[in-house]
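This report concerns the pockets and a surface patch of one protein model. Please read it alongside the sequence and the coordinates.

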Amino acid sequence: FIEKKNSKFAIADGTKLPFKENCFEEIRLIHVLEHIPRKEHEKIYKEVYRTLQPNGFVFIEVPDFVKICYLIVDEYQKLCEENLERIRCWTLSVYGKGRGIGDFHRWGFYPQLLRKDLESHGFKVEFPNNIHISNHYMMEPVILVKATK
């Protein structure tokens, strides 16, 4: 654990969190799941559920893979010099920036998939409107989910 001005931070494996059951009111996974292999998502959902208090919630934000693909295709169809930078940026939203080992995207998300995954692990799922918990929405289409235990 790392302590910093009345806060504690832990660096841990999301599939084996070093916390007691029911210890958090809120958890945030902000642009995390897309960097993790699909086969590990179930373990993460289980750990989040285990460590959340009853009626606690998790915010999950990921790039909206389907909307990003539509944007890339749309810009490509009207291809001109100024569109190349937008295509490049949205391609990074699909694959990640690739600056290091964990900086690649390993999965693409769409709302129905997140709902199905979370509900199958016992969460009540909502997609809140007009709430932003990061600045990613300014750069790319994102999906924000609030899932309650």
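The two pockets are described before the surface patch. The model is predicted.

The largest pocket holds about 480 Å³ of space. It is lined by 18 residues, of which Ala10, Leu17, Phe19, Phe24 and Ile27 are the closest to its centre. Strand E2 (7-9), strand E3 (24-30) and helix H1 (38-51) each contribute at least two residues to this lining. E3 gives the most, with five residues. By class, the lining of the largest pocket comprises 13 nonpolar, two polar and three charged residues.

The second largest pocket encloses about 290 Å³. Its lining consists of 15 residues, and those closest to the centre are Leu92, Ser93, Lys97, His136 and Glu140. Helix H3 supplies the largest share of this lining, three residues. The classes present are four nonpolar, six polar and five charged residues.

The table sets out the volume of each pocket.

| Pocket | Volume |
|---|---|
| Largest pocket | about 480 Å³ |
| Second largest pocket | about 290 Å³ |

On the surface, Phe65, Val66, Tyr70 and Tyr110 form a nonpolar patch with about 390 Å² of accessible area together. Tyr110 is located in the loop between helix H3 (83-95) and helix H4 (111-119). The relative accessible area of Tyr110 is 35%, so this residue is classed as partly exposed. Helix H3 thus borders the loop that carries Tyr110, and H3 also provides three residues to the lining of the second largest pocket.

Technical notes
Residues are numbered from 1 along each chain as its sequence is written. This is a predicted model: local features need pLDDT of at least 70, side-chain atom pairs count only at pLDDT 80 or more; totals for chains, interfaces and linings use all residues. Side-chain values use heavy atoms; hydrogens and water are left out. Patches are made of residues with over 30% relative accessible area and no salt bridge: like charges are joined within 9 Å, nonpolar side chains (Val, Leu, Ile, Met, Phe, Trp, Tyr) within 5 Å. Accessible areas come from the Shrake-Rupley method with a 1.4 Å probe; for residues, only the protein chains shown count as cover. A salt bridge is a side-chain nitrogen of Lys or Arg within 4 Å of a carboxyl oxygen of Asp or Glu. Helices (H or I, at least four residues) and strands (E, at least two) are DSSP runs, numbered from the N terminus. Buried means under 20% relative accessible area, exposed over 50%, partly exposed in between (1.4 Å probe, protein chains only). On a 1 Å grid over the protein atoms alone, a cavity is a set of points where a 1.4 Å probe fits but cannot get out, and a pocket is an open set with protein on both sides within 12 Å along at least five of seven lines; lining residues have an atom within 4 Å of a point. Grid points are joined across faces, edges and corners, and a volume is the space filled by probe spheres set on the points. Ala, Val, Leu, Ile, Met, Phe, Trp, Tyr, Cys and Pro count as nonpolar, Asp, Glu, Lys and Arg as charged, and the others, Gly among them, as polar.
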